[in-house]
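Trainee: Pick one spot in this structure and give me a close look at it, then work outwards from there. I'd like the whole story in one go, please.

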Amino acid sequence: MKWLGAYLCNLLVAVDQFLNTLAFGDPDETLSSRLMKLSSRCALCRAICRFLNRIDARHCEKSIELDEGKNGIIE
């Protein structure tokens, strides 16, 4: 059953990247990574990261992908 946990994790990452793409972001970047990058100048992004941190400590900070995000439509 270990494969089920890995499958669900992969599925959540895929959904996360899809939501970022729907928000005009880079399709290879997660929404959490994008939120962290924007949090210094976006109050809503900071608020969402604070909420996610309650579920998973330092979620946005751990999710940041410095090598992704260059193919987004809107920053």
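**A close look, working outwards**

Mentor: Let's start with Ser39, which counts as buried at 11% relative accessibility, because the cut-off for buried is under 20%. Keep in mind that this is a predicted model. Ser39 is found in the loop between α2 and α3. If you skip its neighbours within four places in sequence, Ser39 is in contact with Cys45 and Arg46. Ser39 and Cys60 are 21 residues apart in sequence, yet their C-alpha atoms are 9.6 Å apart in space.

Cys60 takes us to the sulfur chemistry. Searching the whole structure turns up one disulfide. Cys60 is one half of it and Cys49 is the other, with 2.3 Å between the sulfur atoms. Cys49 sits in helix α3 (residues 43–55) and Cys60 in helix α4 (residues 59–63), so the pair, eleven residues apart, links distant parts of the chain. The S-S torsion of Cys49 and Cys60 is about -100°, so the disulfide is left-handed. Both ends are tucked away: Cys49 is buried at 6% relative accessible area, and Cys60 is buried as well, at 1%.

What about other cysteines? The sulfur of Cys9 has its closest cysteine sulfur in Cys60, and at 16 Å that is too far for a bond. Cys9 is partly exposed, with a relative accessible area of 43%. Cys42 is partly exposed too, with 22%.

Now back to the helix on the other side of our loop. Helix α2 covers residues 31–38, and its buried residues are Ser32, Ser33, Arg34, Leu35 and Leu38. These buried residues pack against α1 (2–22), α3 and α4.

Arg34 deserves a pause here. Which side chain of opposite charge is nearest to Arg34? That would be Glu29, 5.5 Å away. Arg34 is buried yet has no salt bridge, because a salt bridge needs a side-chain nitrogen within 4 Å of a carboxyl oxygen. Glu29 is still on the contact list of Arg34, though. Leaving out residues up to four places away in sequence, Arg34 touches Asn20, Ala23, Phe24, Gly25, Glu29, Ile74 and Glu75.

So what does Glu29 pair with? Its partner is Lys37, with the closest N and O atoms 2.7 Å apart. Glu29 is buried, at 3% relative accessibility, whereas Lys37 is partly exposed, at 29%. As a general point, side chains of opposite charge can pair when their charged atoms come close.

That pair is one of three salt bridges in the structure. Another joins Lys62 and Asp56, at 3.0 Å from N to O. Asp56 is partly exposed, with 31% relative accessibility. Then there is the salt bridge of Glu61 with Arg58, where the closest N and O atoms are 3.3 Å apart. Glu61 is partly exposed at 34%, while Arg58 is exposed at 52%, because exposed means over 50% relative accessible area.

Arg58 has a backbone quirk to go with its salt bridge. Its phi is positive, about 55°, although Arg58 is not a glycine. You'll find Arg58 in the loop between α3 and α4. Phe24, one of the residues that Arg34 touches, has a positive phi as well, about 65°, and is not a glycine either. Phe24 lies in the loop between α1 and α2, and it is partly exposed, at 45% relative accessibility.

Last stop, the outside. A nonpolar surface patch of about 1,100 Å² is made by Met1, Trp3, Leu4, Tyr7, Leu8, Leu11, Val15, Phe18, Leu19 and Leu22. Leu22, one of that group, is in helix α1 and is exposed, with 52% relative accessibility.

To pull it back to where we began: Ser39 is buried in the loop between α2 and α3. Its C-alpha is 9.6 Å from that of Cys60, and Cys60 in turn is bonded to Cys49 through the disulfide. On the α2 side, Arg34 is buried without a salt bridge, while Glu29 has one with Lys37.

How values were computed
Residues numbered from 1 in each chain as written. Predicted model: local features only at pLDDT ≥ 70, side-chain atom pairs only at ≥ 80, totals over all residues. Heavy atoms only, no water. Helix = DSSP H or I, 4+ residues; strand = E, 2+ residues; numbered from the N terminus. Buried < 20%, exposed > 50% of the residue type's maximum accessible area, 1.4 Å probe, protein only. Lys, Arg positive; Asp, Glu negative; His and termini not counted. Contact = heavy atoms within 4.5 Å. Disulfide = S-S within 2.5 Å. Patch = residues over 30% accessible without salt bridge, like charges linked within 9 Å, V, L, I, M, F, W, Y side chains within 5 Å. Areas by Shrake-Rupley, 256 points an atom, 1.4 Å probe, with all protein chains shown as cover.
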